[in-house]
Amino acid sequence: MNKNFNNLALLLLRLGFGGFMLTHGIPKINRLSNADGFPDPLGVSPMVSLILCLIGEVLAPILIIIGFKTKVAAIPAAITMAVAAFVVHAPDSLAKKEHALLYFIVWVVIFLSGPGRFSIDGK
C-alpha cells in the first residue's frame with residue numbers, strides 16, 4: 001500500500017510542479033519573434049538562451065507531466081533552474097533565488113526517483 005502512495009506522490013509532484021513551471025515558460029514563447037534583451041548568461045546569444053530556456057521550462061515540463069521520458073526530461077529542467085539560481089540570480093538574495101532552487105530540487109528528485117507507476121513510462 002505504501003508503494004501506491006509513493007506513486008501518487010510522484011504523480012502530484014509531476015503535475016503540480018510541471019504545471020507551475022509552464023506558467024513561467026509559456027509566456028516566453030512570445031519572445032521567439034524578438035529575443036533581444038533576453039538574458040544570455042552563458043554567452044551563446046539571446047535567441048539560443050531563449051530556446052534553451054523554453055526547452056527547460058515548456059518542453060521538459062510537458063514531458064514530465066505526462067510521464068514520458070521523465071528522467072531525461074528532468075535533466076534540462078534542472079539545468080535551466082540551476083542556471084537561473086546560480087548564474088542569473090547569483091548576486092541576488094536567497095529570497096529572489098528561492099523559486100529556481102525549489103524547482104531545481106524537485107527536478108533532481110524526479111530524476112532520481114523516476115515518474116512512478118501513474119505515467120507513460122510506468123506502463
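**Two buried positive side chains and a nonpolar patch**

In this predicted model, the backbone oxygen of Ile-64 lies 2.7 Å from a polar atom of the Arg-14 side chain, a polar contact being a pair of N or O atoms within 3.5 Å in which, within protein, one can donate a hydrogen and the other accept it, and residues adjacent in sequence count only if both atoms are side-chain atoms. Residues are numbered from 1 along each chain as its sequence is written. Because the model is predicted, local features need pLDDT of at least 70 and side-chain atom pairs pLDDT 80 or more, while totals for chains, interfaces and linings use all residues, and side-chain values use heavy atoms, without hydrogens and water.

Arg-14 sits in helix 1, residues 2–25 (a DSSP run of H or I, at least four residues, numbered from the N terminus). Arg-14 is buried (under 20% relative accessible area, 1.4 Å probe, protein chains only) and has no salt bridge, with Asp-121, the nearest side chain of opposite charge, 7.3 Å away; a salt bridge would need a side-chain nitrogen of Lys or Arg within 4 Å of a carboxyl oxygen of Asp or Glu. Beyond four places in sequence, Arg-14 touches several residues, among them Ile-64, Gly-67 and Phe-118, where contact means heavy atoms within 4.5 Å.

Lys-97, in helix 4 (residues 94–113), is likewise buried without a salt bridge, and Asp-92, its nearest side chain of opposite charge, is 7.4 Å away. The backbone oxygen of Ala-90 lies 3.1 Å from a polar atom of the Lys-97 side chain, and the contacts of Lys-97 beyond four places in sequence are Ala-85, His-89, Ala-90 and Asp-92.

Technical notes: Helices (H or I, at least four residues) and strands (E, at least two) are DSSP runs, numbered from the N terminus. Buried means under 20% relative accessible area, exposed over 50%, partly exposed in between (1.4 Å probe, protein chains only). Lys and Arg count as positive and Asp and Glu as negative; His and the chain ends are not counted.
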